[in-house]
Amino acid sequence: SKSLDVEVANSDAKRRQGLMHRKDLAKDHGMLFLWPQRNTRCMWMKNTSLPLSVAYLSNDGVIQEIYNMVPFSEDSVCSANSTRIALEVNAGWFKENGIAVGDKLDVICEGGFQRGTHMLKALSLGAKACSGGRLYLYALAAGGQAGVERAIEKYKAELVRDMKLMGCTKISDLNRDNLRFRGCLLYILHD
């Protein structure tokens, strides 16, 4: 599988800014654009010197379309289908990694989780896995195995409570429509 480290553009301001004025974009990095509703989405390259490719994705992470974009172009590159997710990467990244229209990208959120609600958001995005990172280490250092077990119970209790508030009874009920995005770091994986 191939991983891609992405920033999330989930507000009007972040989506407008996008990757403008960046001098570079590290290898295997990109930006995931998220809108609250599905619609025709358009991207452009105003004030963007980096050659980029953009993929428009379905709600379940299937790539619907891929386009190459021209630096500094103010021409709109619009989705042919209604979408709420776009992924920008260095030009040619999809082709170089054997990723094409029809492929499904899986989301794994890594690190920074401090609450069960953070994992709930990741799972609603379609994450196949979540990494607890520091919380696990702190719990282990403070209380050994018992500390880790308490931390896991805390995560579980928060997940169950918040799922009930969302009207979800099982993990498979979770989806992107349940969320308002604030941002996190994501890895996009493709087999």
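**Figure 1. Secondary structure of the chain in the predicted model.** The chain contains 4 helices and 10 strands. From one end of the sequence to the other, these elements follow the order β-α-β-β-β-β-β-β-α-β-α-β-α-β. Of the 191 residues in the chain, 41% are buried. About 10400 Å² of the chain is exposed, and carbon and sulfur atoms supply 52% of that area. Among contacts with a separation of 6 or more, 68% are between residues 24 or more positions apart.

**Figure 2. Strand β7 and its pairing with β2 and β4.** Strand β7 covers residues 83-90, and 7 of its 8 residues are buried. Strand β2, residues 29-39, runs antiparallel to β7 and is joined to it by 6 bridges. Strand β4, residues 52-57, also pairs with β7 in the antiparallel sense, over 6 bridges. Glu 88 of β7 appears in both pairings: Glu 88 is the bridge partner of Met 31 and also the bridge partner of Val 54. In a regular strand, side chains alternate between the two faces of the sheet.

**Figure 3. Surroundings of Ala 86 in strand β7.** Ala 86 has a relative accessible area of 0% and is therefore buried, the cut-off for this class being under 20%. Apart from neighbours within four places in sequence, Ala 86 is in contact with Met 31, Leu 32, Phe 33, Trp 35, Met 43, Val 54, Ala 55 and Tyr 56. Ala 9 is 77 residues away from Ala 86 along the chain, and the C-alpha atoms of the two are separated by 9.7 Å.

**Figure 4. Surroundings of Phe 33 in strand β2.** Which residues does Phe 33 contact, leaving aside its neighbours within four places in sequence? They are Ala 9, Arg 15, Gly 18, Met 43, Arg 84, Ile 85, Ala 86 and Glu 88. At 1% relative accessibility, Phe 33 is classed as buried. The C-alpha atom of Phe 33 is 6.1 Å from that of Val 8, and the two residues are 25 apart in sequence. Met 43 is in contact with Phe 33 and also with Ala 86.

**Figure 5. Aromatic pairs, including Tyr 56 with Tyr 67 and Trp 93 with Phe 94.** The count of aromatic pairs is 3. In one of them, the ring centres of Tyr 56 and Tyr 67 are 6.1 Å apart and the planes are at 65 degrees, so the pair is edge-to-face. This pair links distant parts of the chain, with Tyr 56 in strand β4 and Tyr 67 in strand β5, residues 63-69, at a separation of 11 residues. Tyr 56 is buried, at 0% relative accessible area, whereas Tyr 67 is partly exposed, at 29%. Trp 93 and Phe 94 form another pair, with ring centres 5.5 Å apart; their planes are at 80 degrees, so this pair is edge-to-face. Both Trp 93 and Phe 94 are buried.

**Figure 6. The disulfide between Cys 42 and Cys 78.** The structure holds 1 disulfide. Cys 42 is joined to Cys 78 with an S to S distance of 2.0 Å. The angle about the S-S bond is 105 degrees, and the link is right-handed. The disulfide connects distant parts of the chain: Cys 42 is in strand β3, residues 42-43, and Cys 78 is in strand β6, residues 77-78, 36 residues apart. Cys 42 is partly exposed, at 38% relative accessibility, and Cys 78 is partly exposed, at 31%. Cys 168 is buried, with a relative accessibility of 7%.

**Figure 7. His 21 and Asp 28, two residues with positive phi.** Most residues other than glycine have a negative phi. His 21 has a positive phi near 65 degrees, and Asp 28 has a positive phi of about 60 degrees. His 21 is in the loop between α1, residues 12-17, and β2, and Asp 28 is also in the loop between α1 and β2. Is each residue buried or exposed? His 21 is exposed, with a relative accessible area of 55%, whereas Asp 28 counts as buried at 18%.

Technical notes. Residues numbered from 1 in each chain as written. Predicted model: local features only at pLDDT ≥ 70, side-chain atom pairs only at ≥ 80, totals over all residues. Heavy atoms only, no water. Buried < 20%, exposed > 50% of the residue type's maximum accessible area, 1.4 Å probe, protein only. Helix = DSSP H or I, 4+ residues; strand = E, 2+ residues; numbered from the N terminus. Pairing = 2+ DSSP bridges. Phe/Tyr/Trp six-rings, centres within 6.5 Å; stacked < 30°, edge-to-face > 60°. Contact = heavy atoms within 4.5 Å. Areas by Shrake-Rupley, 256 points an atom, 1.4 Å probe, with all protein chains shown as cover. Disulfide = S-S within 2.5 Å.
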